[in-house]
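Grab a pencil and work through the exercises below with the model open beside you. Each task comes with a solution in steps.

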Amino acid sequence: MTTSIIRPAVEIHPQLTDPLLPELLHPSRLLWTPRELADLTATVTTELTAGLRGILRFDEDRRWWARLALTDGVELWLLSWLPGQRTKPHDHGGASGSFTVLQGELGEEYRYPGGPIRRRTHVAGEGIGFGAGRAHQVTGIGDQPAASVHAYSPPLVPTREYASLADVPAEIPPLPAIVHG
């Protein structure tokens, strides 16, 4: 007899009880565009603010994060950033993504394969959607703690880290085949 674990169509953080979230996740959508991801993170930060603040934590020793939701097509995260906390330079393994700043200010250096390294500042209420291949490094800047909501599609694709954004290859390998079951 073979036993298999079947994941529910939608997993939601147990502290997020707002009925709007399951509606926003569109469980039948298996691949989200950068624009759809940006709309998702923007709506979650503006409509579910109280619930997010109830989950949010800050850790002086390392960046803090919590997965908010997971479907076969998208994963949603809440991240916190104290001033100076940062990611390593990384891409999202070929997945598209987005993030919207819930509070505070984030600095971002980013690069598409073969392109120049650019810099941006994102403040509370601002967000961005991005396509596959974009590598970046995100930093909490300013003098106040920051928090942001992130979404990725397809979900559960491992990130690739780099020593610096200058090391991002000219071509990003394609995503492996995704099996949904």
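Two strands count as paired if DSSP finds at least two bridges between them. Keep in mind that this is a predicted model.

**Exercise 1.** Work out in which sense strands S6 and S7 pair, and what sits between them.

*Solution.* Start with the ranges: S6 covers residues 105-111 and S7 covers residues 118-123. Next, look at the bridges: there are six, and the pairing is antiparallel. For one concrete bridge, take Tyr110, whose partner in S7 is Arg118. Now follow the chain through the turn: six residues lie between the two strands of this hairpin. One turn residue to check is Gly114, with a positive phi of about 80 degrees. Finally, go back to Tyr110: the charged end of Arg134 sits over its ring, 4.0 Å from the centre.

**Exercise 2.** Lay out the order of the six-stranded open sheet and find its edges.

*Solution.* Reading across, the order is S1-S2-S3-S10-S5-S8, with antiparallel pairing. The edges are S1 (10-12) and S8 (127-130); each has a single partner strand, so one side of each has no neighbour in the sheet. On average, neighbouring strands are turned by 20 degrees against each other, ignoring direction. Then zoom in on S8: four bridges join it to S5 (residues 96-103), and the two run antiparallel. Within this pair, Phe99 has Ile128 of S8 as its bridge partner. Last, add the helix: H2 lies across S3, S5, S8 and S10, at about 20 degrees to S5.

**Exercise 3.** Find which residues touch the most other members of the largest nonpolar core, and which elements supply the core.

*Solution.* The core has 23 residues, and those touching the most other members are Leu40, Val44, Leu52, Leu68, Leu76 and Leu78. Now sort by element: H1 (20-24), H2 (34-47), H3 (49-55), S2 (64-71), S3 (75-81) and S10 (146-153) each give at least two residues. S2 has the largest share, with four. Try Leu78 as a test case: leaving aside neighbours within four places in sequence, its contacts include Leu52, Trp64, Leu68, Leu102 and Val149. There's also a second, separate core of 11 residues, with Trp77, Phe99, Val101 and Leu106 among them.

**Exercise 4.** How many aromatic pairs does the structure hold?

*Solution.* Set the cut-off: ring centres have to lie within 6.5 Å. The count comes out at zero. Rings do have charged company, though: Arg29 lies over the face of Trp32, at 4.4 Å from the ring centre.

Notes
Residues numbered from 1 in each chain as written. Predicted model: local features only at pLDDT ≥ 70, side-chain atom pairs only at ≥ 80, totals over all residues. Heavy atoms only, no water. Core = buried A, V, L, I, M, F, W, Y, C linked by side-chain atoms within 4.5 Å. Buried < 20%, exposed > 50% of the residue type's maximum accessible area, 1.4 Å probe, protein only. Contact = heavy atoms within 4.5 Å. Axes fitted to C-alpha atoms, helices over the stretch in contact; angles between N-to-C directions. Phe/Tyr/Trp six-rings, centres within 6.5 Å; stacked < 30°, edge-to-face > 60°. Lys NZ or Arg CZ within 6 Å of the ring centre and 35° of its normal.
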